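Before any bench work is planned around a fold, it helps to have its sheets, helices and pockets set out in order. The report below does this for the structure shown here.

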Amino acid sequence: MARLVGFVGNRPDLGARVLELEARHLAVHKQPDRIPGWGVGFYQGGEILLKRRPIDDRPQVSIAEMTHGLRADTLIAHVRLGTVGGSRTENTHPFRYRQWLFAHTGTIEAFSTLRGRLSDSLPQFLQRDVRGETDSELLFHLFLSFLHDAGALERQDIPPETARSALRSSIALVDGLSAEEGKGPSRMNLLVAAPDYVIAMHGSGRMVRRVFQGASDLERILGDGGLGRMRLPDFASCRLSILASDFDDDQTPPGWTAVQDRAIVTLTRTDDPLIEPI
């Protein structure tokens with residue numbers, strides 16, 4: 001089973017701690033005859049950093065180990081059991097373009113047939129930027145092409161609603177072309193991130209969300225000592241919103257909330273998750 005995890009918060013020291021506390025639920029166990037790879041993309045001090053390992057043959061891949069010691073405001077983590085493209089760095093998520101990060105699980109229906117048509121729909125400068133073989137990277141560039149069409153690709157401060165619109169257009173194009181091949185809507189999940197928000201599309205399996213805030217959550221994350229050293233204003237404003245998907249047992253972990261199918265979820269630093277139908 002693959003795994004997607006994304007979070008956004010207003011304290012860069014909280015995210016890795018939360019992933020460590022939830023490590024048992026987020027770990028991915030190796031499957032027979034399939035060797036996973038993994039990657040992490042995160043925003044730190046205005047910079048975008050990537051860690052990617054295309055092959056990891058350990059019996060278990062731990063999200064907590066992947067992110068141990070990271071200080072990040074916004075992060076996407078991905079464990080890949082590839083269905084399209086070989087196990088190499090160019091095919092390992094997350095993918096990055098300028099300030100955007102993207103990761104995806106599932107497979108575009110009839111992708112072998114549709115690859116050329118999807119690629120041809122991209123502007124030439126985005127076609128040249130596709131370096132791997134995956135449907136995921138091509139889907140990311142479809143998203144970028146719709147941002148380009150909206151005149152937003154060159155901007156740094158793109159509002160979430162503009163990104164959601166580009167994401168919806170990308171999914172509509174893929175599903176429309178798949179329907180022409182006699183296929184149904186693609187069963188997949190994806191995350192796209194900008195420095196100040198994470199947007200998820202849920203279309204397959206189990207996706208869950210959780211917001212960590214308040215005394216009980218912070219006490220669990222920081223421990224009594226860390227909570228006691230915080231000033232009241234810091235305590236009141238601490239917040240971390242997190243999403244995860246593609247669970248081995250298709251169950252919702254304790255304390256988390258399931259996301260309905262065919263939904264788009266937006267996480268920001270300050271607001272409750274916004275959940276809308278695709």
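What follows describes a predicted model, taking its two sheets in turn, then one residue and one pocket.

**The six-stranded sheet**

Six strands, in the order β7-β8-β9-β10-β14-β15, make up an open sheet whose pairing is antiparallel. The edges are held by β7 (95-97) and β15 (274-277), and because each of these has a single partner strand, one side of each is left without a neighbour in the sheet. From one strand to the next the twist averages 15°.

Strands β9 (residues 188-194) and β10 (residues 197-202) pair in the antiparallel sense over six bridges, and within this pair Asn-189 stands opposite His-202 in β10. Two helices pack on the sheet. Helix α6 (residues 135-149) touches β7, β8 (100-106) and β9, and its direction makes about 135° with that of β8. Helix α7 (residues 160-180) touches β8, β9, β10, β14 (263-268) and β15, its direction making about 25° with that of β10.

Strand β8 deserves a closer reading. Six of its seven residues are buried, so β8 is largely enclosed by the rest of the structure. On one side β8 is joined to β7 by three bridges, the two strands running antiparallel, with Arg-96 opposite Leu-101 of β8. The same two strands form a hairpin with two residues between them, and Arg-98 in the turn has a positive phi of about 50°. Strand β8 also pairs with β9 in the antiparallel sense, over six bridges, and here the bridge partner of Leu-101 is Ala-193 in β9. In general, strands of a sheet pair through backbone hydrogen bonds, either parallel or antiparallel.

The pairs described with their bridges, including one from the second sheet, are set out together here.

| Strand pair | Bridges | Sense |
|---|---|---|
| β7 and β8 | three | antiparallel |
| β8 and β9 | six | antiparallel |
| β9 and β10 | six | antiparallel |
| β3 and β4 | seven | antiparallel |

**The seven-stranded sheet**

The other sheet is also open and antiparallel in its pairing, with seven strands in the order β4-β3-β6-β1-β12-β11-β13. Here β4 (47-53) and β13 (257-258) stand at the edges, and since each has a single partner strand, one side of each is left without a neighbour in the sheet. Strand β3 (residues 37-44) is joined to β4 by seven bridges, among them one in which Val-40 has Lys-51 of β4 as its partner. Helix α1 (residues 14-21) packs on this sheet, touching β1 (3-9), β6 (74-80), β11 (207-212) and β12 (240-245), and its direction makes about 45° with that of β12.

**Ile-48 in an edge strand**

Is Ile-48, which lies in strand β4, buried or exposed? Ile-48 has a relative accessible area of 14%, and because buried means under 20%, Ile-48 counts as buried. Leaving aside residues up to four places away in sequence, Ile-48 touches Phe-42, Tyr-43, Arg-96, Arg-98, Gln-99, Trp-100 and Leu-101. Arg-98 is the residue noted above in the turn of the β7 and β8 hairpin. By contrast, the C-alpha atoms of Ile-48 and Gly-205 are separated by 29 Å, the two residues being 157 residues apart along the chain.

**The second largest pocket**

The second largest pocket holds about 200 Å³ of space. Its lining includes Arg-3, Arg-24, His-25, Phe-247, Asp-248, Asp-249 and Pro-254, and the lining residues divide into four nonpolar, four polar and four charged.

Technical notes:
Residues are numbered from 1 along each chain as its sequence is written. This is a predicted model: local features need pLDDT of at least 70, side-chain atom pairs count only at pLDDT 80 or more; totals for chains, interfaces and linings use all residues. Side-chain values use heavy atoms; hydrogens and water are left out. Two strands pair if DSSP finds at least two bridges between them. Helices (H or I, at least four residues) and strands (E, at least two) are DSSP runs, numbered from the N terminus. Axes are lines fitted to C-alpha atoms, for helices over the stretch in contact, and angles run from 0 to 180 degrees between N-to-C directions. Contact means heavy atoms within 4.5 Å. On a 1 Å grid over the protein atoms alone, a cavity is a set of points where a 1.4 Å probe fits but cannot get out, and a pocket is an open set with protein on both sides within 12 Å along at least five of seven lines; lining residues have an atom within 4 Å of a point. Grid points are joined across faces, edges and corners, and a volume is the space filled by probe spheres set on the points. Ala, Val, Leu, Ile, Met, Phe, Trp, Tyr, Cys and Pro count as nonpolar, Asp, Glu, Lys and Arg as charged, and the others, Gly among them, as polar. Buried means under 20% relative accessible area, exposed over 50%, partly exposed in between (1.4 Å probe, protein chains only).
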